[in-house]
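Me: I would like to go through this structure and ask, for some of the terms used about it, what justifies each of them.

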Amino acid sequence: MDNQDFTTSILVDQSPKEAFDAITNVRGWWSEEIEGGTAKLDDVFKYHYKDVHICKMKLIEVIPNKKVVWDVLENDFNFTTDKSEWVGTKVIFEINQKDNKTEVRLTHQGLVPDYECYDICFNAWTNYIQNSLYNLITTGKGQPNLKEEVESK
């Protein structure tokens, strides 16, 4: 059986260090709604997008300029029946030199087509990596989810 984990990649002219620095700047490409550290081994951070998606990640492997792996500790989508989707999966960023360019490959190990969230997650990850992370690496500015405006009462 072929590997069904979600994967996408980008090629950039910047160095592996620039790609690594952008990946670990999760607030710069995924969401400004991140609480906690996102760059060092054993860092734990929380992500949330409105009441639609909340998750907690732990960095379980960090090899500067080469690889970052997040373990999904907790996850909740408001649009899936199975609230455990993503829990125990790994989000893996691999950085490699390829013909004088830097390749960044994201594999969400365990995110498979059988998941109820797959189509939405496929589109979201593709956009975050192909557009937001790509732009953060190449121009210094990504398109993360913005911090939510909290209305004062």
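Reply: In this predicted model, the side chains of Asp42 and Lys58 meet in a salt bridge, with N and O 3.9 Å apart.

Me: What makes the contact between Asp42 and Lys58 a salt bridge?

Reply: The term requires a side-chain nitrogen of Lys or Arg within 4 Å of a carboxyl oxygen of Asp or Glu, and the N to O distance for Asp42 and Lys58 is 3.9 Å, so the pair qualifies. Asp42 lies in the loop between strand E2 (34-36) and E3, and Lys58 lies in strand E4, so the pair ties together parts that are 16 residues apart in sequence.

Me: Why is Asp71 called buried, and why is Lys90 called partly exposed?

Reply: Buried means under 20% relative accessible area, and partly exposed covers values from there up to the 50% limit. Asp71 has 16% and is therefore buried, whereas Lys90, at 23%, counts as partly exposed. These two residues also form a salt bridge, their closest N and O atoms being 3.3 Å apart; Lys90 lies in strand E6 and Asp71 in strand E5, so the pair ties together parts that are 19 residues apart in sequence.

Me: How do you know which burial class fits Glu103 and which fits Arg105?

Reply: Set against the 20% limit, Glu103 is buried at 8% relative accessibility, while Arg105 is partly exposed at 28%. Their side chains meet in a salt bridge of 3.3 Å, N to O, and salt bridges that share partners join Lys98, Glu103 and Arg105 into one network.

Note on methods: Residues are numbered from 1 along each chain as its sequence is written. This is a predicted model: local features need pLDDT of at least 70, side-chain atom pairs count only at pLDDT 80 or more; totals for chains, interfaces and linings use all residues. Side-chain values use heavy atoms; hydrogens and water are left out. Helices (H or I, at least four residues) and strands (E, at least two) are DSSP runs, numbered from the N terminus. Buried means under 20% relative accessible area, exposed over 50%, partly exposed in between (1.4 Å probe, protein chains only).
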